[in-house]
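Work through these exercises with the model open beside you. Try each task before you read its solution.

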Amino acid sequence: MLSAESLASIDREVAKYPADQKRSAVMAALRIALTERREQGQTPEARCLTPEVIEYVANYLEIAPVAAYEVATFYNMYDMKPVGKYKITVCTNLPCALSGGVSAAKYLSEKLGIAIGETTADGKYTLLEGECMGACGDAPVLLVNNHKMCSHMSPAAIDQKLAELE
Amino acid sequence: MLEIEIDGKKLTAPQGSTVMEAAHSIGTYIPHFCYHKKLSIAANCRMCLVEVEKAPKPLPACATPVTDGMKIHTHSDLAKKAQAGVMEFLLINHPLDCPICDQGGECQLQDIAVGYGNGASRYQEEKRAVPGKDMGPLVSAEEMSRCIHCTRCVRFTEEIGGFQEIGMAHRGEFSEILPFLGKTVNSEISGNVIDLCPVGALTSKPYRYSTRAWELSRRKSVSPHDGLGANLIVQVKHNEVMRVLPLENEEINECWLADRDRFSYQGLNSDARLKTPKIKFDGRWHDTDWETALAYVVKGLNGVSADHGKDAIGFLTSPHSTTEELYLAQKLARAFGINNIDYRSARSDFRADAAKQGAEWLGSSIVELAAAKSVLVIGSSLRSEQPLLASRIRQASKKGMALNIIHVADDELLMNVHAKLIASPLALVNAVAQVLKAVVAIKGGDSTLDLAQVDVSAQAQAIADSLCAGETARIVLGAVAQHHPAYSELLALTQEIARISGAGFGVLSEAANSVGAELVGAWAQGGMSAGEMIASPRKAYVLLNTEPEFDGYNSAASVAAMKQAATVIALTAYQSEGLLDYADVLLPIAPFSETAGSFINMEGRLQAFNGVTKPQGEARPAWKVLRVLGNMLSLDGFGFNSAEEVRSELLAKGDIAQRLNNSLSSIAANTAAKAGVVRVGEVPVYSTDAICRHAPALQATALAAAPVARIAADVFAAAGLAEGELALVKQGGATLRVPAHLDASLPAGVVRLAVARAETAMLGGMFDTIEIERG
Ligand code: SF4
Ligand code: FES
Ligand code: FES
């Protein structure tokens with residue numbers, strides 16, 4: 001279900017913990033599984049974590065599937081619902097909101113033609129609101145696909161970013 | 001020891017104990033939900049907040065270790081305010097549906113809200129709703145809006161059950177308790193989450209909405225299933241058993257029950273209960289009265305003994321019957337001149353009978369077994385044979401017991417296993433002999449058994465090392481070993497290992513009263529064994545609480561023996577298909593819940609109980625039936641007026657403890673491993689006795705699914721089978737088509753196919769050879 005490279009990365013994470021504590025690697029393993037699915041998946045449905053993937057990861061770590069499911073559903077960054085090729089998460093918490101975070105989200109929403117929480121019809125973009133990313137000074141900030149942080153996202157910067165993502 | 005003070009009372013508490021434990025030790029109650037003495041500490045409900053002097057804010061009693069000089073107030077204003085605050089939070093999302101909640105009247109949330117909460121809530125907003133979940137046929141999780149997220153159920157499955165089947169998904173306001181998507185909760189001890197759940201979120205599916213808790217009367221009893229002898233509280237309304245709960249007994253079942261103990265009561269109320277005596281004549285069954293039925297029995301027994309001699313009659317009894325019943329059955333048989341009586345229908349090897357020196361038992365107390373540093377379990381599918389003992393061993397294996405296994409399948413035990421040796425039934429004797437040889441090499445000394453041809457494997461060496469290193473070591477033989485055709489050799493080898501290594505040994509008594517049956521002499525002793533009575537069929541059989549097609553080692557042969565008999569007299573609580581087919585008289589007897597009696601558990605503990613309801617219909621306690629029969633047969637010594645009188649007579653034969661002895665006076669074993677394809681036929685967890693066989697909820701569980709053939713890789717490949725397709729199984733001239741599944745946990749040459757099921761009743765012996773091909 002996962003590629004050899006992904007399994008090798010999971011093994012590297014597992015090696016960081018004592019042999020009988022494989023479950024400690026569950027967050028990393030789910031992240032690796034999600035990254036592979038996002039990169040390989042051709043449809044929004046194929047880019048998120050499904051119960052089958054979670055069960056596979058759990059069995060790989062020799063933990064109960066429901067234990068991995070608890071972790072996968074606890075943290076927002078694990079996509080449990082179909083998601084676009086580019087998941088854009090805009091911070092709208094108070095400090096950001098005071099410095100244009102909300103308008104950045106609004107601008108993106110208008111530009112992509114979708115409301116917050118939705119995915120474009122072509123399955124390319126998903127727009128989400130996020131909580132403080134610890135970069136309030138650089139507001140407005142947004143995250144692309146969990147791992148790429150973009151600061152000072154004025155409308156012009158957003159246009160440029162979207163062009164890059166094309 | 002630390003000196004502390006709780007509500008002005010001075011006490012000492014051991015280092016490392018918590019405020020909660022200290023409070024309990026002096027009988028001070030602190031309200032709590034998530035705390036449970038047998039589970040890890042989660043400290044997530046916050047109900048147990050107490051004031052601790054010098055601490056800046058209230059502390060959770062369950063998670064606060066005591067320190068020297070600590071002064072605790074459980075009822076101060078600060079504590080009370082904190083508790084009322086937590087209560088208000090807990091009730092924010094809790095539905096006010098107590099009138100229609102099954103937990104109403106026995107709900108900790110209800111009780112604690114009354115005791116520690118405020119009269120009204122300030123919360124006016126909408127409450128959340130959580131969809132119900134499917135946890136299987138035993139545990140209902142329909143109303144999950146009631147859950148207060150104490151996580152007791154989650155911790156139970158993980159810590160006590162050994163596998164986390166329930167989890168808490170999502171976060172904060174969206175938290176939900178659920179099994180993994182599409183799965184049900186399949187543990188053999190799952191029902192305990194119902195007791196643990198402090199609210200009405202998890203309830204008993206078979207019981208829910210049938211009565212209110214306060215309408216029930218509570219009566220003590222003892223579980224009639226496995227050899228543990230779990231203590232029960234049986235709850236009764238209008239002379240009907242409505243449900244069964246655990247009666248805490250730390251030395252036996254702790255505060256738990258296996259699902260078999262908890263849900264089998266449905267079988268007591270089954271439509272298949274026999275309620276009137278029945279006689280078959282003119283090829284049809286006729287209801288009759290006791291007098292006619294008993295006269296018919298007396299005529300039958302006298303007739304067969306006159307025509308064919310007393311030896312032509314055989315008594316098959318059950319280790320699930322009470323001590324009093326078994327005592328009277330054998331007394332009646334022997335007084336009449338019949339020595340063919342046995343409770344061991346499921347066994348196939350009786351060669352050790354002549355060397356027996358006492359009653360077989362565990363060899364120690366249950367607590368001592370769990371405290372042993374090293375334990376070797378031979379031939380036991382622990383989790384299905386002894387669900388609660390397995391859970392106790394699981395806890396012990398976490399605390400450092402080295403658990404060693406010799407078995408015919410590499411079962412998932414969900415516990416830490418130190419070493420295991422998996423061998424086909426044909427190589428099981430050899431496997432145990434390997435351990436003996438390694439023990440002899442470690443300890444020196446000499447075994448009287450010939451071990452020259454035995455090669456010690458690495459696993460056997462590891463097991464031997466463990467047994468010899470542990471300061472206390474115990475060896476126990478499970479039901480698979482006891483039913484095995486070489487049981488006497490397994491027992492002999494075990495005795496030798498124990499003698500040389502200094503370990504103790506015994507058997508995991510498979511039924512509630514196996515030890516009782518041993519003690520009262522309800523086994524061959526001068527007559528035929530159960531095996532002989534089937535191998536050389538008798539003219540007449542008397543069956544006490546026995547269904548030979550399910551309880552026998554070889555169901556096909558057992559049924560054939562019944563069918564050829566001139567008369568079969570069955571004392572039974574159920575009119576099962578088999579009995580209706582081959583029996584001639586059915587005498588309705590009371591199950592354990594409707595008679596006074598006693599069971600002697602695996603550790604030799606006699607536990608007496610009274611009937612909790614009156615017998616149904618015309619059914620009568622078997623001891624009374626046997627007493628009347630004794631009188632009608634003009635036998636002496638059947639003047640009993642009560643079960644207690646029977647008990648005092650049988651106990652007068654000597655102290656129980658003095659008569660328990662597993663050692664054989666002479667031993668022999670052929671240690672060569674044989675080759676071939678052999679069946680591993682085990683009794684499924686919910687097929688052990690007629691009561692659970694008639695309990696619909698247990699029969700609907702995944703553990704009671706229709707039998708399939710699980711097949712070792714070599715046999716599977718040789719037969720050219722494909723996964724899931726039908727295979728043709730042949731045993732003893734009978735054939736059966738069942739789905740075939742490749743099973744990597746089986747040693748070479750093994751086909752695992754359950755016995756004690758209607759689907760496989762046409763087949764032969766549990767551990768006999770079997771053929772399998774594409775079908
Ligand atoms: S279902 Fe019951 S036991 Fe489980 S977390 Fe909720 S309240 Fe606690
Ligand atoms: S509030 Fe947006 S990054 Fe902190
Ligand atoms: S009982 Fe202490 S926090 Fe729940």
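**Exercise 1. Describe the build of chain A.**

Task: State how many helices and strands chain A has, and give the order of its elements.

Solution. Start with the count. In this predicted model, chain A has seven helices and four strands. Next, read from the N terminus. The elements run α-α-α-α-β-α-α-β-β-β-α. Then take the extent along the principal axes. The C-alpha atoms of chain A fill a box of roughly 50 × 35 × 25 Å. Last, split the chain. Domain 1 of chain A covers 2-72, and domain 2 covers 84-163. The C-alpha centres of these two domains of chain A lie 27 Å apart.

**Exercise 2. Locate an annotated site in chain A.**

Task: Find the residues of chain A that UniProt marks as "binding site", and decide whether they are gathered or scattered.

Solution. First, list them. The unreviewed UniProt entry places the feature at Cys91(A), Cys96(A), Cys132(A) and Cys136(A). Now compare sequence with space. The four span 46 residues in sequence, yet no two of their C-alpha atoms are more than 8.9 Å apart, so they gather at one spot. Then place one of them. Cys132(A) sits in the loop between β2 (125-130) and β3 (142-144) of chain A.

Stay in that loop for one more step. Pro140(A) is also found between β2 and β3 of chain A. A cis peptide bond joins Ala139(A) to Pro140(A), with omega at about -10 degrees.

**Exercise 3. Compare two annotated spans of chain B.**

Task: For residues 78-117 and residues 216-272 of chain B, give the UniProt label, the helix and strand content, and the distance between the end C-alpha atoms.

Solution. Take residues 78-117 of chain B. The unreviewed UniProt entry lists them as "domain: 4Fe-4S His(Cys)3-ligated-type". This span is 60% helix and 0% strand. Its end C-alpha atoms lie 14 Å apart.

Now take residues 216-272 of chain B. Here the label in the unreviewed UniProt entry is "domain: 4Fe-4S Mo/W bis-MGD-type". The content is 9% helix and 35% strand. The end C-alpha atoms are 25 Å apart.

**Exercise 4. Find where the two chains touch.**

Task: Say how many residues of each chain are in contact, and which strand of chain B gives the most.

Solution. Count both sides. 12 residues of chain B are in contact with nine residues of chain A. Next, find the main contributor on the chain B side. Strand β8 (residues 166-169) gives the most, with four residues. Finally, sort that side by class. It has seven nonpolar, three polar and two charged residues.

**Exercise 5. Examine a domain contact in chain B.**

Task: Name the domains of chain B, then describe how domain 2 meets domain 4.

Solution. Begin with the bounds. Chain B is divided into domain 1 (2-180), domain 2 (278-354 + 514-654), domain 3 (362-507) and domain 4 (678-774). Domain 2 is written as two segments. The C-alpha centres of domain 2 and domain 4 of chain B lie 30 Å apart. Their contact takes 13 residues from domain 2 and 16 residues from domain 4.

Look at the domain 2 side. Both α18 (548-551) and α19 (555-564) of chain B supply at least two residues there. Helix α19(B) gives the most, with three residues. By class, this side divides into seven nonpolar, four polar and two charged residues.

**Exercise 6. Classify two helix pairs in chain B.**

Task: Decide whether each pair is roughly perpendicular or oblique, and give the handedness of each crossing.

Solution, pair one. Helix α8 (residues 323-336) and helix α22 (residues 643-651) of chain B pack at about 70 degrees, with axes 9 Å apart. Angles of 65 to 115 degrees count as roughly perpendicular, so α8(B) is roughly perpendicular to α22(B). The crossing is left-handed. Contact residues include Tyr327(B) and Leu328(B) of α8(B), and Val646(B) and Leu650(B) of α22(B). The contact has five nonpolar, one polar and two charged residues.

Solution, pair two. Helix α12 (residues 428-443) and helix α13 (residues 458-469) of chain B pack at about 55 degrees, with axes 8 Å apart. The two helices are therefore oblique to each other. Here α12(B) passes α13(B) in a right-handed crossing. Among the contact residues are Val435(B) and Ile442(B) of α12(B), and Ile463(B) and Leu467(B) of α13(B). By class, the contact has 10 nonpolar, two polar and one charged residues.

Definitions and conventions: Residues numbered from 1 in each chain as written. Chains lettered and ligands numbered in written order. Predicted model: local features only at pLDDT ≥ 70, side-chain atom pairs only at ≥ 80, totals over all residues. Axes fitted to C-alpha atoms, helices over the stretch in contact; angles between N-to-C directions. Parallel < 35°, antiparallel > 145°, perpendicular 65-115°, else oblique. Left-handed = near helix turned anticlockwise from the far one by under 90°. Contact = placed C-beta atoms within 7 Å. Nonpolar A, V, L, I, M, F, W, Y, C, P; charged D, E, K, R; others polar. Domains from an automatic or database assignment. UniProt positions renumbered as here; feature names shortened; annotations may be inferred.
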